[in-house]
Amino acid sequence: MNRYGNYIVAGVVLAALIGIGFFSGKFVLYLAMRVMILSIFAMGYNILFGRTGLLSFGHAAFYATGAYGVALSAMHLHSHPLLGIAMGIVAAAILALIIGFFCVRHTEIYFAMLTLAFGMMVFSLMWNWRDVTGGDDGLYGIMRGSISLGVFKIPIMKDSHFYFLVLFFFSVTVLLIHRIYQSPFGLVLAGIRENHVRTEFAGLGVKRYRLAAFVVSGAFAGLAGSLSLLLESNVTPFAAHWSHSADPVLVSLMGGMQTFSGPLVGSVVFVVLREIIERFTHNWMLWFGLILLAIILGFRGGIVGSTAQLLKRSAK
Amino acid sequence: MMESLVHVCLAGISAGMFIWLVASGLTLIFGVLRVLNFAHGSFYMLGAYLCYTCLRYLGVNFWLGVIVGPLGICLVGFLIERYLLRQVYDLELPYQLLLTFSIVLICDELVKMIWGAGSIGSPTVPGLSGSVQIVGRNFAVYNLFIMVVGPLVAIALWALLERTWWGRIIRAAASDREMAAAIGVRVPGLYTGVFVFGAWLSALGGALAVPYIGLLTTGMGEAIIINAFVVVVIGGLGSLKGAFLGALFIGLLNSFGTRFIPTLDMFLTFILMGVVLLWRPQGFFSGVDQ
């Protein structure tokens with residue numbers, strides 16, 4: 001697809017999302033927000049996974065940190081949502097910097113195990129530190145305050161208003177990550193994935209780039225977590241559990257981890273398919289597991305990658 | 001105080017033995033196949049559920065359940081290795097990990113569909129029910145039995161690997177796959193065999209855990225696999241001796257942790273895992289045996 005084609009697709013998607021915001025019912029609105037939040041999580045994650053080639057099993061910790069950041073700042077500081085989101089992102093990024101500092105010393109399976117260990121440390125802290133995090137009950141009943149911008153206030157209590165805040169952050173994320181992938185930084189990350197030894201010989205500090213990718217993806221996870229807290233108004237330690245870290249991996253894999261729009265498409269399929277399947281059975285995870293098996297065994301490009309290949313082949 | 005210390009120790013050791021049974025299979029499979037198997041906890045869970053089914057619905061003796069349950073899992077392991085895992089040996093690490101992870105999802109849901117959450121009071125284990133007095137407190141005879149079984153399995157594994165022809169073949173394939181194939185070892189078949197054997201060990205742990213835990217849930221697989229991961233990391237991926245000592249250590253650490261510093265429950269385990277990975281990523285016993 002050429003460049004203009006991509007712009008047209010992006011424009012159509014944006015128009016459709018705005019349309020959903022104005023005209024659809026509560027349920028579709030809620031689903032669309034869930035899709036966008038998961039997309040932010042997965043696209044940010046994919047900077048590390050698809051781009052840099054590092055498989056992390058600890059990103060749920062940053063997601064949860066974002067959520068707890070918003071909740072705690074709403075409870076103790078001020079209920080301004082933008083302040084909360086900023087706190088959430090900063091907290092997640094700092095945590096990612098600390099954890100990443102240790103984790104990027106290893107690659108492959110040891111990296112995965114290290115991120116798993118650190119993620120579970122965060123999980124157990126949230127689980128046990130009852131005075132601050134509410135223990136296994138988590139924090140709940142967090143109200144969405146209105147966004148006051150000096151002279152005027154934007155109320156976001158209603159879902160139909162909050163939707164546009166989510167859409168705003170979603171669009172910013174897509175643009176930012178697109179920029180990152182086009183930038184020299186993004187190209188170095190791809191170089192590390194393809195051949196880290198050569199990248200090192202080219203005079204680039206591979207570890208520092210890995211750490212940077214780790215922190216950036218952690219910050220996006222924090223943003224996703226913050227938004228999810230504002231949407232659901234509660235958070236429990238299970239947001240940080242390792243099995244939740246698998247979500248962005250699976251979504252990226254399903255959509256196509258080597259493509260830009262893969263995590264996006266994966267998120268749509270993940271959320272929508274889940275709703276559809278759960279209408280009929282309660283065994284969503286079973287079907288999801290089977291789909292994953294099929295993708296790993298047969299369609300490793302994911303949905304986007306495999307479709308692109310098919311199109312290319314038919315064009316010949 | 002003294003009595004309570006002894007009992008905390010005993011509880012830790014018996015809990016550690018279940019982790020050992022899962023970790024032994026996990027580390028054996030990693031040592032030979034180079035695949036870290038997320039689904040290993042599912043084998044443990046399935047072993048427990050199959051044993052439970054034998055007790056509850058077929059009304060057989062507990063020991064028969066312990067034999068039949070794990071054998072059923074051998075079949076599951078065989079199918080998984082032959083038809084799924086074999087396709088991804090040459091692919092990158094994420095595909096292997098995620099393949100085993102999707103098996104976890106499928107197993108969890110299948111168990112939920114078939115069994116729901118199974119509750120079993122305490123099935124009578126012929127000859128091993130009741131408790132004995134140890135330094136002034138009651139201790140279940142069954143737990144003592146587990147503390148004997150664990151080391152026995154360890155000794156049997158050691159003898160198998162170090163003293164038999166089969167063990168030599170397995171060690172050869174573990175240290176150099178191509179060389180082993182060149183001297184005539186049928187490596188694909190061996191891989192299947194090792195995977196099935198590892199699955200059996202884990203399922204044996206699950207079946208033996210039935211009288212121990214009392215309530216079977218789909219979370220039990222995930223709970224034990226995470227402990228087994230910690231154990232094989234501490235002991236060194238691929239090392240059986242490391243897995244045994246690591247399991248004992250983690251069992252005791254959990255037991256003492258929940259007794260004396262309950263606020264740091266779990267946290268200690270993962271701190272330990274992180275520190276070992278950073279300081280000695282090869283673990284404490286790698287290279288001693290393979």
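Which residue just after α9(B) takes a positive phi? That would be B:Gly236, with a phi of about 105°. Before going on, a word on the ground rules: this is a predicted model, where local features need pLDDT of at least 70, side-chain atom pairs count only at pLDDT 80 or more, and totals for chains, interfaces and linings use all residues. Residues are numbered from 1 along each chain as its sequence is written, while chains are lettered from A and ligands numbered from 1 in the order in which they are written.

Back to α9(B), residues 219–235 (helices are DSSP runs of H or I with at least four residues, strands runs of E with at least two, numbered from the N terminus). At 1.5 Å a residue, its 17 residues should span 24 Å, where the expected span is 1.5 Å times one less than the number of residues. The end C-alpha atoms sit 25 Å apart, which agrees. The helix is mostly covered, with 14 of its 17 residues buried (20 or more other C-beta atoms within 10 Å of a residue's own; 12 or fewer is exposed, in between is partly exposed, and C-beta atoms are placed from the backbone).

Now the inside. The largest nonpolar core (buried Ala, Val, Leu, Ile, Met, Phe, Trp, Tyr and Cys joined through C-beta atoms within 7 Å) has 195 residues, and A:Ala64, B:Ile19 and B:Ala48 touch the most other members. Helix α1 of chain B, residues 2–33, brings the largest share of this core, 16 residues.

Another residue to look at is B:Val104, which sits in helix α4 (residues 93–115) of chain B. B:Val104 counts as buried because it has 23 C-beta neighbours inside 10 Å. Here are the contacts of two chain B residues (C-beta atoms, placed from the backbone, within 7 Å), not counting residues up to four places away in sequence:

| Residue | Touches |
|---|---|
| B:Ala48 | B:Gly206, B:Ala207, B:Ala209, B:Val210, B:Leu216, B:Met220 |
| B:Val104 | B:Phe38, B:Ala39, B:Ser42 |

As for chain A, its secondary structure comes to 14 helices and four strands. Its radius of gyration is 19 Å, close to the 20 Å the globule rule gives for 316 residues, so chain A is as compact as a globular protein of that length. The radius is taken over C-alpha atoms, and the rule is 2.2 Å times the number of residues to the power 0.38.

Finally, where the chains meet, 31 residues come from chain A and 33 residues from chain B. On the chain A side, α5(A) gives the most, with 13 residues.
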